[in-house]
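This report looks at a pocket, the strands and helices around it, and a few backbone details. Please keep the model open while reading.

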Amino acid sequence: MTNIAICAPATPITHEHRDALLALVAAEYPSHRVTFHDQSFERAGHFAGDDLRRLTALLECANDPAFDVVWFAKGGYGSNRIAEAAVAQMNASARAKTYVGFSDCGYLLAALYRAGIGQSVHGSMPVSARSEGGRAAIRRVLDWLGGDTSGIEPSLDGTTPAAAFNLITLAMLAGTPLMPDLTGHVVMVEEVSEHLYAIDRMFFHLAGTLPRLA
């Protein structure tokens, strides 16, 4: 049994998102158990609760030895505001966990990777569970958590260290205390709904700040 805790370090999800994911897991993944932190549905302006509430929920999930995985509910914006404080307060149980998310939660995954805490995984999040395309991405995460590696990027050789980010998140991470050392890594980026000039501008910035990659 893989015990998965879900919290929202950035923005909230709805109970409909919860119900869609729970239905999928119940129907197709009997070896997984999913627990949503109540904070996932709270709202304080843009955020899923204020910074302290989001930080507290994340630490409750990460530091609880009953959970194997912490799955971030949704991106948006906000995980960067609590990332440094979170990694500073994580215990031995947190260091043994897998953390899954992408988009804005890439800030938190980067901070965890930099600190050597757990395994950071770039993957879809529960907010996607209500659409058919989203459920396909969710299945890849759940399959991987069950030991199926077929959803991993096929170009990776399994030996060279690799990291993945949304492009805007990586560009904003560069030069901050959250940025891990990516020397010698394969760095994969994704982005949608951006003008080509904006993508070019972000790569221009990254070309001057990233170390020598693989």
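A pocket here is an open set of grid points with protein on both sides within 12 Å along at least five of seven lines. A volume is the space filled by probe spheres set on the points. The model is predicted.

**The largest pocket**

The largest pocket holds about 1,200 Å³ of space. Its lining counts 32 residues. V121, H122, G123, A164 and M188 lie nearest the centre. The lining splits into 18 nonpolar, 10 polar and 4 charged residues. Domain 1 (2–146) and domain 2 (162–208) each give at least three residues to this lining. At least two lining residues come from each of α5 (106–115), β5 (119–122), α6 (132–145), β6 (162–166) and β7 (186–190).

**Elements at the pocket**

How much of α5 is buried? Of its 10 residues, 7 are buried, so α5 is largely enclosed by the rest of the structure. The buried set is G106, Y107, L108, L109, A110, A111 and L112. After α5 comes G116, with a positive phi near 70 degrees.

β6 and β7 also contribute to the lining. These two strands run parallel and are joined by 5 bridges. A162 stands opposite V186 in β7. Together with helix α7 (residues 167–173), β6 and β7 form a right-handed β-α-β unit.

**The β1–β2 pair**

Strand β1 (residues 2–7) pairs with β2 in the parallel sense, over 5 bridges. I4 stands opposite V34 in β2. Helix α1 (residues 15–28) carries the chain from β1 to β2, in a right-handed β-α-β crossover.

Which side chains of strand β2 (residues 32–36) are buried? H32, V34 and F36 are buried and point to one face. R33 and T35 point to the other face and are not buried. In a regular strand, side chains alternate between the two faces of the sheet.

**Two serines with positive phi**

S103 and S193 are compared below.

| Residue | Phi | Loop | Relative accessible area |
|---|---|---|---|
| S103 | near 55 degrees | between β4 (98–101) and α5 | 25% |
| S193 | near 60 degrees | between β7 and α8 (196–207) | 78% |

Partly exposed or exposed: which class does S193 fall into? Exposed means over 50% relative accessible area. S193 has 78%, so S193 counts as exposed. S103, at 25%, is partly exposed.

How values were computed: Residues are numbered from 1 along each chain as its sequence is written. This is a predicted model: local features need pLDDT of at least 70, side-chain atom pairs count only at pLDDT 80 or more; totals for chains, interfaces and linings use all residues. Side-chain values use heavy atoms; hydrogens and water are left out. On a 1 Å grid over the protein atoms alone, a cavity is a set of points where a 1.4 Å probe fits but cannot get out, and a pocket is an open set with protein on both sides within 12 Å along at least five of seven lines; lining residues have an atom within 4 Å of a point. Helices (H or I, at least four residues) and strands (E, at least two) are DSSP runs, numbered from the N terminus. Ala, Val, Leu, Ile, Met, Phe, Trp, Tyr, Cys and Pro count as nonpolar, Asp, Glu, Lys and Arg as charged, and the others, Gly among them, as polar. Domain bounds come from an automatic or database domain assignment. Two strands pair if DSSP finds at least two bridges between them. A crossover is right-handed if, with the strands pointing away from the viewer, the path from the first strand over the helix to the second runs clockwise. Buried means under 20% relative accessible area, exposed over 50%, partly exposed in between (1.4 Å probe, protein chains only).
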